[in-house]
Amino acid sequence: MTIQKKFFSKNDMILILILLVIGGIFMMYQRNRPAGTQVLIKSDNEVVASFPLAEDHVYTVTNELGTNTVIIEHGQAYVTDADCPDKICEQMGAISKPGETIVCLPHLLVVEVSDAH
């Protein structure tokens, strides 16, 4: 006689269901957040530029560590043309909601969306 072991218990299923509901609520909250109004570009923790998110801009940040180009268009900001070795900042995609950031750690660059006026 073999005893089959259940992969998930009843309590496991309840916990998974609760986590899915919480995740769904969080995603709805994130989706319904208003877009930000400003893009702050920081180099070595100092704001070097600030642009309205509603206006298109191209800004190149160059410091002793390297160069990044930040594009602001169609209400979103993203990084292109980074000369860092891993290029993770280029792969982070576009941001538009307050609190969202793009970070290029090798160049000490942070691009942040703010709702400040």
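Hi everyone, let's start with one residue, Ser114. If we leave aside its neighbours within four places in sequence, Ser114 is in contact with Gly36, Thr37, Gln38 and Leu40. Please keep in mind as we go that this is a predicted model.

So where does Ser114 sit? It belongs to strand β7, which covers residues 109–114. And is Ser114 buried or exposed? It counts as buried, because its relative accessible area is 14% and the cut-off for buried is under 20%.

Two of those contact partners, Gln38 and Leu40, bring us to the next strand, since β1 takes in residues 38–43. Strand β1 pairs with β2 in the antiparallel sense, and six bridges link the two. If you'd like a spot to look at on screen, find Leu40: across from it, in β2, stands Ser50.

Now let's put those strands into their sheet. Four strands make up an open sheet, and the order across it is β2-β1-β7-β6, with antiparallel pairing. At the edges you have β2, residues 46–52, and β6, residues 101–104, each of which pairs on one side only. On average, neighbouring strands in this sheet are turned by 15 degrees against each other, ignoring direction.

Let's step back to the whole chain for a moment. The protein has two helices and seven strands. Reading from the N terminus, the elements go α-β-β-β-β-β-α-β-β. How much of the protein is buried? Of its 117 residues, 30% are buried. As for contacts, take those between residues at least 6 apart in sequence: 33% of them join residues at least 24 apart.

Last stop, the surface. The protein's accessible surface is about 8200 Å², and carbon and sulfur atoms account for 60% of that. There is a nonpolar patch on the surface, formed by Leu65, Ile88, Met92, Val103, Leu105 and Leu108, and together these residues have about 520 Å² of accessible area.

Met92 is a nice one to pick out of that patch. You'll find Met92 in the loop between α2, which is residues 88–91, and β6. Why do we call Met92 partly exposed? Its relative accessible area is 38%, and partly exposed means between the 20% and 50% cut-offs.

So, to wrap up, we have two residues to compare on screen: Ser114, buried at 14%, and Met92, partly exposed at 38%. Thanks, everyone, and I'm happy to rotate the model for anybody who wants another look!

Note on methods: Residues numbered from 1 in each chain as written. Predicted model: local features only at pLDDT ≥ 70, side-chain atom pairs only at ≥ 80, totals over all residues. Heavy atoms only, no water. Pairing = 2+ DSSP bridges. Axes fitted to C-alpha atoms, helices over the stretch in contact; angles between N-to-C directions. Patch = residues over 30% accessible without salt bridge, like charges linked within 9 Å, V, L, I, M, F, W, Y side chains within 5 Å. Areas by Shrake-Rupley, 256 points an atom, 1.4 Å probe, with all protein chains shown as cover. Salt bridge = Lys/Arg side-chain N within 4 Å of Asp/Glu carboxyl O. Buried < 20%, exposed > 50% of the residue type's maximum accessible area, 1.4 Å probe, protein only. Contact = heavy atoms within 4.5 Å.
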